Amino acid sequence: MNDKDLLSVAIYFGKNALEWKRKFTGLLPEIHKRKLYEKKNCSSIFEFAAKFGGLSNDQVRLALNLEERFESMPRLHEALVNGEVSINKLARVVSIATPENEAELSEIVKNMSKSAVETFVRDEKFTDLPRQTLTLNEEVKNRLIELQSKGIDINELISAALNKREEEIAEEKAQPVELATSRPVPAKTERLLTKEHGTKCSIPTCKKPSEVIHHTQTFAISHSHNPNYLAPLCKEHHEIAHAINLRVREKRFSK
Ligand SMILES: [Zn+2]
Ligand SMILES: [Zn+2]
């Protein structure tokens, strides 16, 4: 077998192995309840799961635990028992799941990767901005002290500089935008976004580096790189932005 074939066969088997493992895991709570493991000469569900599915005790415990916690949440329960979503991903949302939001959460776990689900849950739990300390370098500090000693209001001075920056950005963003011919954002627009948002993800509670410029109006429809509808996002928030968009669209079509 050549390298390419070897790799693609391995990935094909791996994907199937994961899917079948999820399905197997989903059946365990019911087998446990009916004590069907006894029919296979196993003393417990743990022995049964290890013998027939290669699962560790921790994984089995997690599956049984989740099944119980999802008792009053039919969609999440179903995602677990039919093996649609891995228990590792479901374990991420269990702490914020309620009968009220479980339908929404079940869509989220189906559409998002594990790291995006983690970020989503963190955003739901912690809405406070991370505390930051100001780091001025010696030169700036000394110049400000000098001005202050002359009786100049440095707060006013800094406010004026910040206002000027905001005005400049607002002015640049108000420029008319031509219809775009290609998907990548023009370098000029990208520079403007960096000027406005810096190098981090533009979600206020997130301080990861931005990796993607997201079009908040679907590019295929808008054909525009209007900076008012662009947001630099980290990988996880980009995934969340698309999954949530998708959900809104799904809801609209299902009505
Ligand atoms: Zn996007
Ligand atoms: Zn982010």
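**Exercise 1. The surroundings of Thr199**

Which residues does Thr199 touch, not counting residues up to four places away in sequence?

*Solution.* Before the steps, a word on the source: this is a predicted model, in which local features need pLDDT of at least 70 and side-chain atom pairs count only at pLDDT 80 or more, while totals for chains, interfaces and linings use all residues. Residues are numbered from 1 along each chain as its sequence is written, and chains are lettered from A and ligands numbered from 1 in the order in which they are written.

Step 1: locate Thr199, which sits in the loop between α10 (187-197) and β1 (212-215); helices (H or I, at least four residues) and strands (E, at least two) are DSSP runs, numbered from the N terminus.

Step 2: apply the contact criterion, under which two residues are in contact if their C-beta atoms, placed from the backbone, lie within 7 Å. With residues up to four places away in sequence left out, Thr199 touches Thr194, Pro209 and Ser210.

Step 3: check one of these pairs along the backbone, where the C-alpha atoms of Thr199 and Ser210 are separated by 6.0 Å although the two residues are eleven residues apart along the chain.

Step 4: classify the site, calling a residue buried if 20 or more other C-beta atoms lie within 10 Å of its own, exposed if 12 or fewer, and partly exposed in between, with C-beta atoms placed from the backbone. Thr199 is exposed, because 8 other C-beta atoms lie within 10 Å.

**Exercise 2. The buried side of α3**

Work out how the buried residues of α3 are arranged around its axis, and state what covers them.

*Solution.* Step 1: test the length of helix α3 (residues 57-69), using the expected span of 1.5 Å times one less than the number of residues. The 13 residues of α3 should span 18 Å, and the end C-alpha atoms are 18 Å apart, which agrees.

Step 2: list the buried residues of α3, which are Gln59, Val60, Ala63, Leu66 and Glu67. Seen down the axis of α3, these buried residues fall within an arc of 130°, so they line one face of the helix; the arc is that of the directions from the helix axis to the C-beta atoms. An α-helix has 3.6 residues a turn, so residues three or four places apart point the same way.

Step 3: turn to the face of α3 that points away from the buried side, which carries the exposed residues Asp58 and Glu68.

Step 4: identify the cover over the buried residues of α3, which includes α1 (3-33), α2 (45-53), α4 (74-81) and α5 (87-93).

**Exercise 3. The contact of α4 with α6**

Describe the geometry and the residue classes of the contact between α4 and α6.

*Solution.* Step 1: the axes of α4 and helix α6 (residues 102-111) come within 7 Å and cross at roughly 30°, where axes are lines fitted to C-alpha atoms, for helices over the stretch in contact, and angles run from 0 to 180 degrees between N-to-C directions.

Step 2: on the α4 side, Arg75, Leu76 and Ala79 meet Glu102, Ala103, Leu105, Ser106, Val109 and Lys110 in α6. By class, this contact has five nonpolar, one polar and three charged residues, with Ala, Val, Leu, Ile, Met, Phe, Trp, Tyr, Cys and Pro counted as nonpolar, Asp, Glu, Lys and Arg as charged, and the others, Gly among them, as polar.

**Exercise 4. Ile240 and α7**

Is Ile240 buried or exposed, and with which residues is it in contact once its neighbours within four places in sequence are left aside?

*Solution.* Step 1: Ile240 belongs to helix α12 (residues 235-254) and counts as buried, because it has 22 C-beta neighbours inside 10 Å.

Step 2: leaving aside neighbours within four places in sequence, Ile240 is in contact with Met112, Ala116, Thr119 and Phe120. Ile240 and Thr119 are 121 residues apart in sequence and 8.5 Å apart in space, C-alpha to C-alpha.

Step 3: examine helix α7 (residues 114-125), whose twelve residues reach 17 Å from first C-alpha to last, close to the 16 Å expected at 1.5 Å a residue. In α7, Ala116, Val117, Thr119 and Phe120 are buried, and they cover an arc of only 160° around the axis, which puts them on the same side of α7.
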